[in-house]
Amino acid sequence: NEAPNGTRTSFTFANVVRDLSEQLYLNGLLLTAGADYEAAFNVNGDITGVTFYDAPADTDNVRAYGVY
């Protein structure tokens with residue numbers, strides 16, 4: 001379980017999720033792919049994790065959802 005620490009920007013999902021099914025929330029606000037984060041993909045086109053453009057603070061609440 002990877003937690004925000006103010007410097008970490010990349011997070012790996014416990015399970016891969018289908019492309020375009022991911023939903024990321026920062027402190028309850030839905031984030032936008034391409035504006036707030038970039039998805040990482042495996043060779044099958046599934047999402048394996050994300051890289052935030054700005055590192056979430058250690059006090060931030062980050063939640064990720066998706067279909068796998």
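Student: Is serine 21 buried or exposed?
Tutor: This is a predicted model, and in it serine 21 sits in the loop between strand 1 and strand 2. The cut-off for buried is under 20% relative accessible area. Serine 21 comes in at 18%, so the label is buried.

Student: Which residues does serine 21 touch, leaving out those up to four places away in sequence?
Tutor: Start with the side chain: one of its polar atoms lies 2.7 Å from the backbone oxygen of arginine 18. That partner is close in sequence, though, and you asked about contacts beyond four places. Those are Tyr65, Gly66 and Val67.

Student: And leucine 20, buried or exposed?
Tutor: Leucine 20 is in the loop between strand 1 and strand 2 too. Its phi is positive, near 70 degrees, and it's not a glycine. Most residues other than glycine have a negative phi. As for accessibility, exposed means over 50%, and leucine 20 has 74%, so it counts as exposed.

Student: Where is asparagine 27, and what is its relative accessible area?
Tutor: Asparagine 27 belongs to the loop between strand 2 and strand 3. Here again phi is positive in a non-glycine, at about 55 degrees. Partly exposed covers the range between the 20% and 50% cut-offs, and asparagine 27 is in that class with 44%.

Student: How many helices and strands does the protein have?
Tutor: Read the elements from the N terminus and you get β-β-β-β-β-β. So the tally, going by the DSSP runs, is zero helices and six strands.

Student: What order do the strands take in the open sheet?
Tutor: Three strands form that sheet, with antiparallel pairing. Strand 3 (29-30) and strand 6 (62-65) are the edge strands, each pairing on one side only. Strand 2 (residues 23-26) is joined to strand 6 by four bridges, with leucine 26 partnering valine 62. The order is 3-2-6.

Student: How many bridges link strand 4 to strand 5?
Tutor: Strand 5 (residues 47-52) also pairs antiparallel with strand 1 (residues 10-17), over four bridges, and there valine 17 stands opposite isoleucine 47. With strand 4 (residues 37-41), strand 5 makes a hairpin that has five residues between the strands, where glycine 45 takes a positive phi near 85 degrees. Alanine 39 stands opposite valine 50. The pairing of strand 4 and strand 5 is antiparallel, and its bridges number five.

Student: Which residues make up the largest nonpolar core?
Tutor: In soluble globular proteins, nonpolar side chains tend to be buried together. Here, strand 1, strand 4 and strand 5 each supply at least two residues of the core. One member, isoleucine 47, is in contact with residues including Phe13, Val17 and Ala39, setting aside neighbours within four places. The 10 members are Phe11, Phe13, Val17, Leu24, Leu31, Tyr37, Ala39, Ile47, Val50 and Phe52.

Student: What share of the 68 residues is buried?
Tutor: On the surface side, the protein exposes about 4,600 Å², and carbon and sulfur atoms supply 48% of that. Counting residues under 20% relative accessible area, the buried share is 22%.

Student: What is the radius of gyration of the protein?
Tutor: The C-alpha trace spans about 35 × 20 × 20 Å along its principal axes. For 68 residues the globule rule gives 11 Å, and the protein is close to that, so it is as compact as a globular protein of that length. Its radius of gyration is 11 Å.

Key
Residues are numbered from 1 along each chain as its sequence is written. This is a predicted model: local features need pLDDT of at least 70, side-chain atom pairs count only at pLDDT 80 or more; totals for chains, interfaces and linings use all residues. Side-chain values use heavy atoms; hydrogens and water are left out. Two strands pair if DSSP finds at least two bridges between them. A nonpolar core is a set of buried Ala, Val, Leu, Ile, Met, Phe, Trp, Tyr and Cys residues joined through side-chain atoms within 4.5 Å. Buried means under 20% relative accessible area, exposed over 50%, partly exposed in between (1.4 Å probe, protein chains only). Contact means heavy atoms within 4.5 Å. A polar contact is a pair of N or O atoms within 3.5 Å; within protein, one must be able to donate a hydrogen and the other to accept it, and residues adjacent in sequence count only if both atoms are side-chain atoms. The radius of gyration is taken over C-alpha atoms; the globule rule is 2.2 Å times the number of residues to the power 0.38. Accessible areas come from the Shrake-Rupley method with a 1.4 Å probe; for residues, only the protein chains shown count as cover.
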